[in-house]
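Trainee: Could you walk me through one part of this model in detail? I'd like to look closely at the sheet and what packs around it.

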Amino acid sequence: MISSKIVKNIKQLMGDSSGVLFIIGLFLLIAFIIMAIFAPYLAPYSPIKPSGASLLPPQSGHIMGTDNLGYDVFSRVIFGSRMAFSIAAIATSIAAAIGIPLGLIVGYIGGRLDSFVTMVMDSVYTFPGLILAIAIAAMLGQGMINISLSIAVVYIPTYYRVIRSQVATIKSELYVEGARAIGAKPPVILSKYVLPNVLPSTIVVLSMNIADAIMTEAGLSFLGLGIAPPTPDWGYDLSKGQQFILQNDWWLVVFPGLAIILIVLGFSMFSEGLNEYLNPNIGEKR
Amino acid sequence: MVNDSNVVVVKNLKKYFLLKIPWLESFSLKEKPSVKAVDGLSFSIKKGEALGLVGESGSGKTTVGRSIIRLIEPTNGEIVINDEDIMSLKKEKLRKARRNFQIIFQDPIASLNPYMSIGKSVMHPLEIHDIGNRKQRKEMVLELFEKVNLIPAEGFFNRYPKQLSGGQRQRVVIARAIITNPKFIVSDEATAMLDVSVRSQVLKLMIKIKEEYNLAFLFITHDLASAKYICEKIAVMYLGKIVEIADKTELFDHPLHPYTRILMGAIPIPDPTLKREKIIPAGEIPSPTNMPSGCRFRTRCPYAKKECGDIDMSLMEIEKGHLSACPFIR
């Protein structure tokens, strides 16, 4: 019975293209999450110790080959997912923790404060994300927290803008006026009446931002502003691998690159599907 | 039971909305252009009495309802509710005083938070004003649910607004309005969006609650028939001014102001043989940014004459307790 229900639900999701994308994205994400959690069991070698001769092409024993120091590429790709997830998680949480309350409060108060903060946020927003992150990362230096911080700064305006515009419409809703009429204080109105109504759109922004954050992190590491080696990191491995690409050692760039593409793709598909599910207005338009 | 003590006294209430103009122009203008939504309203409501405020769209009824309880700040005027000078209250005091006066909005769908169960919605005023402990609060809510006919109360407590019908939602809103035991309730077109069968139930509920709590009630509506059903006294409003105010029976038997007569003509009477004088007003309600001089109704009034441009529309007592703003018809 249950299995037939699941089949029916999946068929329903498969009915339109976004449903298919959502499921593919979900599977990709689950695969990467499992990879990150069980990395020590899945990786055949240690990612930070040489495990064979250097620059071995893919073969049995080293299915993705080895790099110039003899590290197993497969093991480094698996452990790299941990770094990608943790930096993305820390960065988006910092961005959300600042952007969401700021958007709520400023959007609710409105007026001059609103114009001022929105102006500041918009000027941050106009910077190309990666360049801003590079500038901040260059100031702060290497390390997981520093990288997360510099990525977070880039995404604060995204949260701020989404939340503020939602709050601006919701604050004129009758139930918010009703809350004022019963004598609720502004913090109570914000947390009990406004926040629950803006949260669904936040979740979508959150999952989209994680994908972006992973890309930015890889970009920073590629430029040498990221994690200090030899900690396994896709971006760093990519930049190291491109030194050997003229020697036809393709496996050094293809596999970490593929990992980045798949995880970002997974998050994008997932958030796209989530958006359709949580935001019924989009569905109607199609 | 109408008692002699006034619960609500409003004197010369004004609400002007400033219009946005280019800032350069603002230097050349002496008086900033504004919409006079409410322009010098005075009335009082006694304990256990319902005053109907009737007028067509754009007459400023809703603005009156919201400014009396300072949901929007009045430009000027005096408001006393329950012997408390509302206009002089500071933020925190005003917030605390809100348990004494409540409002029921027109749209029952939009006036409830979709993400809060209706039990919690009704309980929230008690939490805000720190009334009772947790268990007592829930008991009070359940008791009230039964009173407003949301039965079984326990079953309704955890439901969400979208699971209820329009009439049920309006009953929830009414329950929320009376849970803090207020002295005064504004009902802003509370029945306008309900269909006819549900409307009479909700009207009956409001009468029951008014009697039981001995409330002063301001019943804002565009529908004279509902006002007749629920109110003891009726005030007719046109473009920010009260044009006539009288006891219900007096007003219906001897309407004085031409505008009131026109509104009366719009009430359908279920008697096809009845012939009555039908006056159709000319044109539409004028823009409140560009008000006619003198009597504001003169542009549409069938009895308008030259002198109407000079009168100031102040209410005169034509008969005892019956005030009208038209000096020519008595």
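Mentor: Here is a walk through the sheet of chain B, followed by a look at chain A and the contact between the two chains.

Keep in mind that this is a predicted model. The sheet in chain B is an open one built from 8 strands, and the pairing is mixed. Reading across, the order is β6-β7-β8-β3-β9-β10-β12-β11. At the edges you'll find β6 (101-104) and β11 (316-319) of chain B. Each has a single partner strand, so one side of each is left without a neighbour in the sheet. From one strand to the next, the twist averages 20 degrees.

Let's zoom in on the β6 edge. β6(B) is joined by 4 bridges to β7 of chain B, residues 184-188, and the two run parallel. If you want a pair to click on, B:I104 stands opposite B:S187 in β7(B). Lying across β6 and β7 of chain B is helix α7, residues 166-178. This helix runs at about 170 degrees to β6(B).

Now pick out B:I68, which lies in helix α2 of chain B, residues 61-68. What does B:I68 touch once you leave aside its neighbours within four places in sequence? The contacts are B:V10, B:I79 and B:V186. B:V10 is 58 residues away from B:I68 along the chain, yet their C-alpha atoms are separated by 7.9 Å. Is B:I68 buried or exposed? It has 27 C-beta neighbours inside 10 Å, and the cut-off for buried is 20 or more, so B:I68 counts as buried.

Chain A has 12 helices and 0 strands. Its C-alpha trace spans about 75 × 60 × 30 Å along the principal axes. Of the 286 residues in chain A, 40% are buried. Take the contacts in chain A between residues at least 6 apart in sequence: 68% of them join residues at least 24 apart.

Where the chains meet, the contact takes 15 residues from chain A and 21 residues from chain B. On the chain A side, α8 (174-181) and α9 (186-222) each supply at least two residues. It's α8(A) that gives the most, with 6 residues. Sorted by class, the side of chain A that touches chain B has 7 nonpolar, 3 polar and 5 charged residues.

Conventions:
Residues numbered from 1 in each chain as written. Chains lettered and ligands numbered in written order. Predicted model: local features only at pLDDT ≥ 70, side-chain atom pairs only at ≥ 80, totals over all residues. Buried ≥ 20, exposed ≤ 12 C-beta atoms within 10 Å, placed from the backbone. Contact = placed C-beta atoms within 7 Å. Nonpolar A, V, L, I, M, F, W, Y, C, P; charged D, E, K, R; others polar. Pairing = 2+ DSSP bridges. Axes fitted to C-alpha atoms, helices over the stretch in contact; angles between N-to-C directions.
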